[in-house]
Amino acid sequence: MPITENLEKYAGYAARNTWEIILPEVSLAVLALVLLVLEMVLPERRLALVAKIALWGQVAVLLVGIPFSSYAGEVILGQTSFSGLLRHTLVSEVMRIFFLLSSILVCHIGSIYLERQQLSRVEFFHVTLVVTAGLMLLTQSNHFIMLFVALETVTVGFYVLVSYCRKSSRSLEAGLKYLLLGACSSAILLFGIVLLYGAAGNPLLHGSSADPMNFAELGPFIAAHPDNLLVLVGAILVLAGLAFKIGAVPFQIWIPDVYQGAPTPVAAFLAVASKAGGFVVLLNLVTGPFQALQDVLVPLLSTVAVLTILFGNIAALTQRNVKRLMGLSGVAHAGYMLVGVVASFTVDWAVYAILFYLLTYMLASFAVFEVMTVMAPSEDADQEIDDYEDLAKERPFLGAVLCIALGSLAGIPPLAGFIGKLLIFVAAFQAELWVLLAVSVIGVVISIYYYFGWIMAASFRTVRYPPLDDAEEVPRVWPQESSMSRIVLGCLTLATVAIGFYQGLLRFLLV
């Protein structure tokens, strides 16, 4: 009889699962499998179609799959599904669109990169789709089991992508470093989850939960025992595991080497999507089950934010390699967003300021990384700022895009990046985080030096002296961007400028 009752209970759980809600994620998984099948059945000369199928398939999921999933699944913001594994909020719905847009841009940049490499194309797009589906599930996670499975799916996919250029020693080295440090961060995260599970599941403690891994049930227990040592250590370890994903101090040491060695499209994917996924999970925790630990987490996260801003900006000052510079500047941007996370404890709208910042960061970063991909030779790990000298003169369009995107990252008005930083600063001001606000302003001032150093190299003509001997200087061959690249870069640049002038445009796009 008990077996029959259990079967009926689990059958009831399965019947209440609304699969339409995760239609976009399922569609991406199916599309990823279709790409592998096409690789087996299509002749080699036709495999170029795979990139277009992956790209336009994701566009279809974005335009049709996400609206249909919300309508057919009757999504109500705040509701849970799949027995509490997933929770659907405005943040999660917006971030699903964010990750799909990021994946589309990565596939576009990846197609440019793979044209110059003798590498398999299908597996790159396949893994990118799987990682994107994992990120979309990660942002909806409402249970530590779901969070860990989705996070590891994403992380394992990045292990493959970072070392994808298997003929490059730098790519393989970057993949090995990311693997070792990523495994350590996963172990730290899992240890923290185990401590929280053990504390919240202890029947001897008041308010113990039957399912302590569920965020909704864990929150009341933590609120009842905010001073419990296991709870505090567990929460700190979980946040430490997430700090690796967002590149916060002291877990940022991998970023310069991995960004330099990874293929440029993968570096862009890490810089934008992986960082965004980590911040969404962090927001879900600090505004959810960890809210009661505010007295401990506010000074802890504030310290991390200060160190992250200062380290990222100061370390980037002397960088000449553009991929390492983008990695270290990304560390600084993580620090600014951590200021918003700290402010979210007391300022409700700080969450949306972080989402806006992520959007502006995505637009500018992908524009820079695509210019880097177009400019890069077959071995793209050694791009230097000096390689961009005379870019505005020889390739005015690429020069203009690069300057606008770097200006947005630096926070120069009236570009979108300036508005993103301004919203974070206003949230910090309302939360009375004076030290964080002062350090953030100092970080922005420092960042102008290295961003404008790159802008100057690309914008102003370099005076070249004739060689001392009779040898003639070999003229440089400048790469030519494709029509699709011009369209994509034009859209990213236009959006960066338009959102800087008129932020209400976002409300129109999201309605």
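## A walk through the helices and their contacts

The backbone oxygen of valine 341 lies 2.4 Å from a polar atom of the side chain of serine 344. That is a good place to start a tour of this structure, which is a predicted model. Serine 344 sits in the loop between α13 and α14. With a relative accessible area of 6%, serine 344 is buried, because anything under 20% falls in that class. Leaving aside residues up to four places away in sequence, serine 344 touches Leu283, Val286, Thr287, Ala350 and Val351.

From this loop, step back into helix α13 itself, which covers residues 322-343. How many of the residues of α13 are buried? The count is 22 of 22, so the helix is largely enclosed by the rest of the structure. The geometry of α13 can be checked too: at 1.5 Å a residue, its 22 residues should span 32 Å, and the end C-alpha atoms are 32 Å apart, which agrees. At the N-terminal end of α13, asparagine 321 acts as a cap. A side-chain oxygen of asparagine 321 lies 3.1 Å from the backbone nitrogen of lysine 323.

Another asparagine is worth a look. Asparagine 313 belongs to helix α12, which runs over residues 294-316. Its relative accessible area is 0%, so asparagine 313 counts as buried. What does the side chain of asparagine 313 reach at 3.3 Å? The partner is the backbone oxygen of glycine 443. Glycine 443 also appears among the residues that asparagine 313 touches, together with Ala332, Tyr336, Ile446, Ser447 and Tyr450, again not counting residues up to four places away in sequence.

Now for the charged side chains. Side chains of opposite charge can pair when their charged atoms come close. Eight salt bridges are found in the structure. One of them joins glutamate 25 to arginine 96, with the closest N and O atoms 3.0 Å apart. Glutamate 25 lies in helix α2 (residues 23-41) and arginine 96 in helix α4 (residues 90-114), so this pair ties together parts that are 71 residues apart in sequence. Both glutamate 25 and arginine 96 are buried.

A further salt bridge links aspartate 382 and arginine 170, and here the closest N and O atoms are 3.4 Å apart. Aspartate 382 is in the loop between α14 (350-375) and α15 (391-394), while arginine 170 is in helix α7 (residues 169-200), so the pair ties together parts that are 212 residues apart in sequence. Are these two partners buried or exposed? Aspartate 382 has 39% relative accessibility and counts as partly exposed. Arginine 170, at 34%, is also partly exposed.

Staying in helix α7, we meet a pair within a single helix: glutamate 173 and lysine 177 are four residues apart, and therefore separated by about one helical turn. An α-helix has 3.6 residues a turn, so residues three or four places apart point the same way. The side chains of glutamate 173 and lysine 177 meet in a salt bridge, at 2.9 Å from N to O. Glutamate 173 is partly exposed, with a relative accessible area of 41%. Lysine 177 is partly exposed as well, at 29%.

This pair has company. Glu173 and Lys177 are linked with Asp257 and Arg324 in a network of salt bridges. Arg324 brings the tour back to α13, the helix that covers residues 322-343.

Definitions and conventions:
Residues are numbered from 1 along each chain as its sequence is written. This is a predicted model: local features need pLDDT of at least 70, side-chain atom pairs count only at pLDDT 80 or more; totals for chains, interfaces and linings use all residues. Side-chain values use heavy atoms; hydrogens and water are left out. A salt bridge is a side-chain nitrogen of Lys or Arg within 4 Å of a carboxyl oxygen of Asp or Glu. Helices (H or I, at least four residues) and strands (E, at least two) are DSSP runs, numbered from the N terminus. Buried means under 20% relative accessible area, exposed over 50%, partly exposed in between (1.4 Å probe, protein chains only). A polar contact is a pair of N or O atoms within 3.5 Å; within protein, one must be able to donate a hydrogen and the other to accept it, and residues adjacent in sequence count only if both atoms are side-chain atoms. Contact means heavy atoms within 4.5 Å. The expected span of a helix is 1.5 Å times one less than its number of residues.
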